[in-house]
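Subject: Structure handover

Hi,

Here is the structure I promised you. Please load it first, then read the notes below.

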Amino acid sequence: MEQGRMAKGFKKARQKTVRTGSKVVCVDDRFPPELLLFYNCLPIKDRVYKVRDMGVGLSSTGEHGEIVVYLEGMQNPCSSVPPHPERGFAEWRFREIEPPAEEHEQAEELVEAEA
C-alpha cells in the first residue's frame, strides 16, 4: 500500500515538470523586495509565458544550484557570480499548461493513429 502512495506522488511530481519550449503559468510571484535590484522584469501570477531555456542558476538567497527557467520576452541581467548566468526564475514558480510544440504534435499524431 505504501508503494502505491509513493508511485502516485512520483507521478504528480513528474506532471509538474517544466521544459524548454513549454507554455507555463506563473503560480507564485511573491519576490522579496531586495530581489528587484537584480532584475529588469519579473513574472506575474496567473500570466502565461513560454520557456525559452532552462539551466542551473542562483536561488533567491544567492546559492548556486537551483533549477531556473528563462522566459521569452524577459531578458534579465547576468549574475555577478561566476560563471555569470542570466538571472532566471525558480522552476517551482511555474506550472506547465502546454508541452513543447514538438511533443504536442507527437501526442496529436498518436491520438490520430489510435482513432
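**Strands and pairing**

Asp 53 has Tyr 70 in β3 as its bridge partner. One thing before going on: this is a predicted model.

That bridge belongs to the pairing of β2 with β3. The two strands run antiparallel and share seven bridges. Their hairpin has five residues between the strands. Gly 62 in this hairpin takes a positive phi near 90°.

β1 and β2 also run antiparallel, joined by three bridges. Val 25 faces Val 48 of β2. Lys 23 stands opposite Lys 50, again in β2.

Now the whole sheet. It is open, has five strands and follows the order β4-β3-β2-β1-β5. The pairing is antiparallel. β4 (89-90) and β5 (94-98) are the edge strands, each pairing on one side only. As background, strands of a sheet pair through backbone hydrogen bonds, either parallel or antiparallel.

**The nonpolar core**

Which residues have the most contacts inside the largest nonpolar core? They are Val 24, Tyr 49, Val 69, Leu 71, Phe 89 and Phe 94. The core has 13 residues in total. Three strands each supply at least two residues of this core: β1 (23-26), β2 (48-58) and β3 (64-71). In soluble globular proteins, nonpolar side chains tend to be buried together.

Val 69 is a good place to centre your view. Leaving out residues up to four places away in sequence, Val 69 touches Val 18, Val 51, Asp 53, Met 54, Gly 88, Phe 89, Glu 91 and Phe 94. Asp 53 in that list is the bridge partner of Tyr 70.

**The aromatic cluster**

The structure holds three aromatic pairs. Two of them are described here.

Start with Phe 31 and Phe 89. Their ring centres lie 6.2 Å apart and their planes meet at 65°, so this pair is edge-to-face. The pair links distant parts of the chain. Phe 31 is in the loop between β1 and β2, Phe 89 is in strand β4, and 58 residues separate them. Phe 31 counts as buried at 15% relative accessibility. Phe 89 is buried too, with a relative accessible area of 2%.

Next, Tyr 39 and Phe 89. This aromatic pair is stacked, at 5.3 Å centre to centre and 20° between the planes. Tyr 39 lies in the loop between β1 and β2 and Phe 89 in strand β4, so the pair ties together parts that are 50 residues apart in sequence. At 14% relative accessibility, Tyr 39 counts as buried.

Taken together, ring pairs link Phe 31, Tyr 39 and Phe 89 into a cluster. There is a charge here as well. The charged end of Arg 93 sits over the ring of Phe 31, 4.0 Å from its centre.

**Two buried polar residues**

Asn 76 sits in the loop between β3 and β4. Is Asn 76 buried or exposed? Its relative accessible area is 6%, under the 20% limit, so Asn 76 is buried.

What does the Asn 76 side chain reach? One target is the backbone nitrogen of Asn 40, at 2.7 Å. Another is the backbone nitrogen of Cys 41, at 3.1 Å. Leaving out residues up to four places away in sequence, Asn 76 touches Tyr 39, Asn 40, Cys 41, Glu 86, Arg 87 and Phe 89. Tyr 39 and Phe 89 in that list are the stacked pair.

Glu 96 is in strand β5, which is an edge strand of the sheet. Glu 96 has a relative accessible area of 16% and is buried. Its side chain makes a polar contact of 2.5 Å with the side chain of Arg 19. A polar contact of 3.3 Å joins the side chains of Glu 96 and Ser 22. Setting aside neighbours within four places in sequence, Glu 96 is in contact with Thr 17, Val 18, Arg 19, Ser 22, Lys 23 and Val 24. Among these, Lys 23 stands opposite Lys 50 in β2, and Val 24 is one of the residues with the most contacts inside the core.

Best wishes

Note on methods
Residues numbered from 1 in each chain as written. Predicted model: local features only at pLDDT ≥ 70, side-chain atom pairs only at ≥ 80, totals over all residues. Heavy atoms only, no water. Core = buried A, V, L, I, M, F, W, Y, C linked by side-chain atoms within 4.5 Å. Buried < 20%, exposed > 50% of the residue type's maximum accessible area, 1.4 Å probe, protein only. Helix = DSSP H or I, 4+ residues; strand = E, 2+ residues; numbered from the N terminus. Contact = heavy atoms within 4.5 Å. Pairing = 2+ DSSP bridges. Polar contact = N/O pair within 3.5 Å; in protein donor to acceptor, adjacent residues only side chain to side chain. Phe/Tyr/Trp six-rings, centres within 6.5 Å; stacked < 30°, edge-to-face > 60°. Lys NZ or Arg CZ within 6 Å of the ring centre and 35° of its normal.
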